[in-house]
Every structure is written in structure tokens, then in C-alpha cells.
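Please examine the model shown below. The paragraphs that follow explain how its parts meet one another.

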Amino acid sequence: MEGGLFAALAPAHRFYPLFVALALSLLGLRIGLRRAWGAAAWRRRVQALERLVLASLILSMLALAVLQILLRNLFHSGLIWIDPLLRHFVLWIGFSGAVVAAGRLRHIQMDVVGRWLPEGPRRAILRATTLAAALICLVLTRAAWIFLGQEHAFGSAGLLGLPQWILMSAIFLGFALCAVRFAARAFAPGEELAGLLLESSPADGLDGLSPAEDLHGPAPARSAGEGPPAGGGAP
Amino acid sequence: MSGLLHNLAFLLVPLLALGGTPLFAVLALTALIAFSAQGISSAAVVTEMGRLTGSPMLIAIPLFTFAGYLFAEAQTAKRLVRLTRAAFGWIPGGLAVVAMVACSIFTAFTGASGVTIVALGGLLMPALLKEGFPRGFSLGLLTTGGSLGILFPPSLALILYSYVATQSASPGFADPSGGPTVDRLFLAGILPGILLILMLSIYAYFRVRRGAAGVVTRFSPRELLRAARAAAWEIPLPFLLLGGIYGGKLTVTEAAAATAFYAFIAEVLIYRDIPWRRLPAVAAESMVLVGGILIILAAAMGLTNYLIDAEVPTRILEGIEGWITSRVGFLLALNAFLLVVGCLMDVFSALIVVVPLIVPIAERYGVDLTHLGIIFLANLEIGYMTPPVGMNLFIASFRFRQPILRLYVATLPFLLILLAALLLITYLPDLSLMLVR
């Protein structure tokens with residue numbers, strides 16, 4: 001439909017085979033690295049990367065916003081590109097946060113059925129819904145690819161000399177990574193899934209934050225096995 | 001795709017949602033099906049998501065959330081409890097007030113009631129039991145306390161409502177009060193929020209006296225002074241925040257940046273509660289919550305546009321106009337509807353999904369959109385603790401290791417009181433609008 005670089009790389013009608021092949025090789029790489037480093041080390045490194053990305057995004061956002069306030073109030077001036085850049089930070093933070101949430105299965109969801117079911121059926125439902133999420137993200141990745149192609153072909157110049165499609169590529173990258181991560185979890189071995197279920201329990205909302213003293217001793221954050229899965233908005 | 005296929009796909013949506021598929025995926029799927037049925041390219045769904053970059057208001061969400069998580073990670077909760085205790089602890093039943101005030105402030109800043117129950121529950125539970133409150137009462141109080149704060153500034157829910165309502169308000173209908181802006185909503189929530197705490201405090205007063213002989217803390221000016229000194233860097237923040245916004249010095253977005261910066265200086269540099277190496281973890285953790293909310297917002301953008309274009313609110317209106325004729329009748333039906341929504345969905349997704357549908361209808365019935373926001377939040381807040389699936393019940397059950405049935409019973413009196421307060425908030429618009437005018 002639209003020509004240009006994006007259509008040349010992967011035309012919309014051939015997007016799925018190309019992208020699925022890419023996703024499968026990423027999943028293969030994941031399996032390989034997990035085996036080479038060990039599951040725990042792989043996890044540590046992934047989490048360190050997640051922290052690095054998210055923390056740099058929010059801290060630079062904060063620094064820019066504070067700089068703008070200071071410029072405006074102390075010098076009655078301001079940098080014209082800061083405000084639109086901050087608005088694009090919202091997009092990048094939103095989608096990076098969503099990718100991390102996908103990895104921990106911590107997306108907001110209605111959880112009406114799962115709570116009342118025993119472990120086995122609950123896991124089966126979790127696999128099914130996670131797979132559904134992966135497939136939907138796959139369709140969205142293709143939609144975002146077409147969108148980027150349009151932006152690349154017709155889009156205006158963005159900020160700071162960056163073309164608009166680069167600024168908006170967070171959507172494509174976000175959905176692509178979400179699709180891969182959901183797929184990995186939908187087919188994860190039983191014990192990995194159990195660990196995720198446990199981790200996405202509400203008390204983990206404070207993931208590693210200092211546990212307050214408990215009525216009965218140390219906080220149950222990770223030890224309690226029968227915790228309900230994340231009820232959603234519970235961060 | 002043929003029409004039949006579209007209808008089948010639409011049937012799948014509620015199944016996926018109830019089964020626990022991430023809500024953003026469910027919403028995006030609905031938008032994809034709807035667009036495809038109209039023959040519109042799926043790229044249009046993504047174009048709509050790009051609108052996330054269109055509003056300066058959304059910048060406030062990550063910044064306030066980051067500030068909230070800094071407070072949650074630091075010893076702020078302890079200092080806050082100590083201070084409110086020194087101030088109100090001497091009143092019979094005062095510790096219950098302390099618990100509610102501390103929880104409210106905490107939720108207002110962290111935006112998430114689950115964090116409050118987890119962070120403050122362990123601190124307040126033993127204290128409540130020691131001062132003679134029955135165990136069931138204390139459980140109910142802390143479960144309720146978790147969500148009390150969403151009516152107070154700078155709660156994330158107020159900001160999100162303002163954003164969504166402003167987007168979906170029809171330009172033709174001039175809101176008499178001037179529209180649901182964030183600064184109006186921040187003010188509008190204060191009196192209703194205080195009303196909730198006040199009504200629960202009266203209940204607490206009677207419960208402690210009827211219970212075991214309460215150990216009453218004596219008022220000590222010295223302890224108050226010490227507690228105030230310990231929290232000296234945190235006490236000015238609410239005043240700076242509100243003063244900055246209402247003194248006209250700061251926009252809400254700038255206030256969010258200032259709050260986050262202040263939190264960073266206070267907790268990392270002055271109190272040193274958060275060591276530097278912990279900072280990335282705290283920042284990342286807060287952004288997971290933000291990502292979860294923003295991606296739902298993004299996914300819903302295409303969908304709500306479609307629903308408005310398809311005139312779904314108008315059709316709902318035509319459907320109910322026959323038997324709901326008055327504003328009071330509409331509000332009553334809305335309350336019932338939102339209570340159900342509130343126990344199925346968390347506050348954020350409920351706002352994103354439901355507000356665009358209700359706002360055009362509420363305009364027809366002449367409801368002030370700022371007042372509508374407070375009704376929404378009060379309802380959803382109660383939904384958090386409504387059996388069988390209210391989320392706070394599960395978090396509290398997990399946190400305090402109590403069976404869920406016990407929590408149903410423990411929260412019941414609180415639920416009834418909050419429902420009474422909800423009626424007051426709904427039918428006395430002045431309660432919300434007094435400060436705004």
C-alpha cells in the first residue's frame with residue numbers, strides 16, 4: 001500500500017512470517033542465554049537492563065522538567081523543545097513500563113475466575129490468556145509497523161531534528177517486545193510460571209521495597225505460597 | 001473478514017476479559033475488530049495511541065507516581081504515623097483516625113491503595129490491637145483505609161479522570177463550573193474525602209469504647225514537637241504543592257515535577273532513607289505501574305473514539321431516557337452501575353473505559369462534570385472493598401494472612417458507612433463544588 005523503506009523491509013502482507021521468524025530467533029536466543037548463564041543470572045541481567053532503561057527515562061524526564069521550571073521562574077525564559085520532548089517521554093515510559101510489566105505478568109487485568117480455582121486450572125487459564133495477549137500484541141506490532149511506514153513516508157519532521165517516526169517507534173518496539181515476552185511466558189516451563197504467579201501477587205507490589213514489620217514476624221512478601229494473583233491495579 | 005467473523009470475535013472479548021487477559025490487550029483487540037468491521041486499517045488504532053504524546057497533562061502521571069514510590073520506599077510512613085499519632089492519638093478512638101489520615105495521605109501520593117495496605121498495614125495493625133480495638137474492626141479499618149486517599153490531591157485517579165473527562169466532554173455543552181480541570185478536581189475531592197473519614201471516625205469512637213478497655217495515649221506537646229521535627233522535611237510538601245498550584249505559580253504538570261524533585265532531595269539526599277544504589281529499582285518499580293496504566297489508556301483511545309463515532313453513548317441515552325427521567329434517578333442508576341464496575345476493575349482502567357461513555361450522558365442530565373468525577377471515584381473506591389472480588393479484600397487477606405471470608409465480615413460495617421457517605425456525596429453536589437466555586 002505505501003512504498004518506502006518500511007514496506008521494502010517488510011511489506012504488510014508479508015509481515016507475519018518475517019516477524020514471527022524474528023521473534024522465534026529472539027526466543028531461541030533467550031533459551032540459549034538462559035542455558036549458558038543459568039536462569040538466575042539471566043534474570044538478574046534482564047532486570048538490571050530493565051532498571052537501567054526505566055530509571056534513566058524517568059530521571060531524565062524529571063531533570064528536564066525541573067530545568068524548565070527553573071528557566072521559566074528564574075530567568076523568564078525556557079527551552080522550546082523541552083515541553084514536546086516531555087510529552088514524548090510519556091510515550092516511551094508508558095511502553096517501556098508495559099514491556100517490563102509483560103515480563104513480570106503484572107499487567108492490569110480483571111481477575112474474576114482465577115482466584116477461585118485450584119492451581120492446575122489456574123495455570124492453564126493463565127497460559128491461555130497470556131498466549132492471547134501475545135497474539136494481540138503481534139497484530140498490534142504489525143499495525144504499528146504500517147503506522148511507522150506511513151510516518152516515515154509522509155510524517156513531518158519531529159523534535160530536535162529527529163524524524164517523527166523515530167519518536168513514535170516506542171509503540172512498535174513496545175508491542176514487539178510485549179509479544180515476544182508474553183509468548184515466552186505462555187510456553188514457560190511449569191516452575192517458571194509458578195514463580196511468576198507468586199511474584200505477581202499483591203504484596204510484591206513493593207517488589208523488593210523494604211517490608212514493614214509484620215504482625216507475625218517478617219513480611220510474607222515472597223514466602224507465602226497461597227497468595228492470590230495480582231488483582232490488577234495493585235501495582 | 002466477514003460480518004459473522006466479526007461477531008464471533010466480539011463474543012470472544014468478554015471471555016478473554018473475565019479470564020484475566022491483560023486489559024490493554026482486550027481493549028486493543030476490541031478496537032482492532034471494530035476498525036476492521038468498518039474497513040479501516042489497523043494502523044489507525046496505532047495512530048490513536050500516538051495521542052498519548054498530545055497532552056501535557058499526562059506528564060504529571062509518571063512524575064507524581066515516582067514521587068509516591070520514593071515516599072513509599074523511605075521511612076515516610078513511620079514518620080507520618082508518628083506525627084498523626086502525636087496529634088490525634090489522645091482522642092478516644094484516635095488511633096483509628098490516625099490510621100485513616102496516614103493511609104489517605106499515603107494513597108493520595110502513591111496512587112495505589114494496595115501499596116498503602118502493604119506498607120502501612122504492618123505498622124498500624126499491632127498498634128490498633130494494642131490500643132484496644134477489636135481485631136475484626138482493625139482489619140476492616142485498614143482494608144478500607146487503603147482506598148480512602150484517592151479523593152485527595154495529588155491522587156493519580158483525580159488526574160486520570162480529569163484527562164479522560166476533558167477528552168470526552170462535548171464542546172457544545174458548556175459545563176457551568178468551567179470543566180473538569182485537574183486543579184478543580186483536586187479541590188473538589190477534599191470535603192467529600194474528609195466526610196468519609198469523619199463518618200468512619202464516629203464509628204471508630206463507638207467501637208473502641210464498647211471494646212476492651214482502651215489504652216489511651218496521653219497528649220504530649222513534647223512528643224508532638226519531636227515528631228514534627230522528625231518529619232520537618234516532609235510536612236511542607238502538601239502546602240508547597242497546593243500553594244504552588246492555587247497561588248498560580250505552578251501548573252499541575254510543573255507541580256508534579258516539583259513534587260518528584262522535592263521527594264528526591266528529601267528522601268535520597270537529606271534523610272538518606274533510600275541509598276543511591278536502590279534508586280534505580282524504586283524508579284523502575286514505579287514506572288511498571290505507570291506503564292500498566294498508560295498502555296491501557298493508549299489502547300482505549302482508539303476504542304473510545306470509535307464508540308463516540310458509533311454514537312454508543314447516544315444509544316444508551318435513548319435506551320434509558322424512557323425510564324430515567326430525572327437527574328436524581330440517573331445518579332442512582334449510575335451509583336449502582338459503578339459499584340459493580342468498581343468490584344470488577346481497578347480504579348484506573350474503570351476510569352479509562354467507563355468515563356467516556358458516561359460523560360456525554362451525564363451532560364444531558366445536567367450533572368456537573370467535576371461533581372461527576374468525585375461520584376466516580378467515591379464509587380470505585382467502595383468497589384475496591386465490595387465482595388466478592390473487591391481487590392483490597394484480597395490484598396488485605398494476603399497481607400494480614402486472614403481468610404477472605406473473615407475480611408468480608410470485617411469490612412461490612414465500613415462498607416455500609418461508606419455507602420451512606422456515597423449517597424451524601426452524590427445528592428449534595430455542593431459538598432464537592434463548594435471549594436471549587
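In this predicted model, the C-alpha centres of domain 1 and domain 2 of chain B are 32 Å apart. Domain 1 covers residues 1-41 of chain B, and domain 2 covers residues 56-433. Where these two domains of chain B touch, each of them contributes nine residues to the contact.

Together, domain 1 and domain 2 of chain B bury about 860 Å², and carbon and sulfur atoms give 90% of that area. On the side of domain 1, B:Leu23, B:Phe24 and B:Leu27 lose the most area to domain 2, together accounting for 56% of what that side buries. The residues of domain 1 that touch domain 2 comprise seven nonpolar and two polar residues, with no charged residues. Between the two domains of chain B there are zero salt bridges, and the count of residue pairs in polar contact, both at pLDDT 80 or more, is likewise zero.

The second boundary to consider lies between the chains. Here 79 residues of chain A are in contact with 82 residues of chain B. The two chains bury about 7000 Å² between them, with 76% of it on carbon and sulfur atoms.

Three salt bridges are found across the interface of chain A and chain B. A salt bridge joins A:Arg104 and B:Glu285, whose closest N and O atoms are 3.0 Å apart. The interface also has six residue pairs in polar contact, both residues being at pLDDT 80 or more.

On chain A, the elements that give two or more residues to the side touching chain B are α3 (39-75), α4 (82-103), α5 (119-154) and α6 (164-186). Of the elements of chain A, α5(A) gives the most to this side, with 14 residues. By class, the side of chain A that touches chain B has 50 nonpolar, 17 polar and twelve charged residues.

Methods: Residues are numbered from 1 along each chain as its sequence is written. Chains are lettered from A and ligands numbered from 1 in the order in which they are written. This is a predicted model: local features need pLDDT of at least 70, side-chain atom pairs count only at pLDDT 80 or more; totals for chains, interfaces and linings use all residues. Side-chain values use heavy atoms; hydrogens and water are left out. Contact means heavy atoms within 4.5 Å. Buried area is the accessible area (1.4 Å probe) that two parts lose on being put together, summed over both. A salt bridge is a side-chain nitrogen of Lys or Arg within 4 Å of a carboxyl oxygen of Asp or Glu. A polar contact is a pair of N or O atoms within 3.5 Å; within protein, one must be able to donate a hydrogen and the other to accept it, and residues adjacent in sequence count only if both atoms are side-chain atoms. Helices (H or I, at least four residues) and strands (E, at least two) are DSSP runs, numbered from the N terminus. Ala, Val, Leu, Ile, Met, Phe, Trp, Tyr, Cys and Pro count as nonpolar, Asp, Glu, Lys and Arg as charged, and the others, Gly among them, as polar. Domain bounds come from an automatic or database domain assignment.
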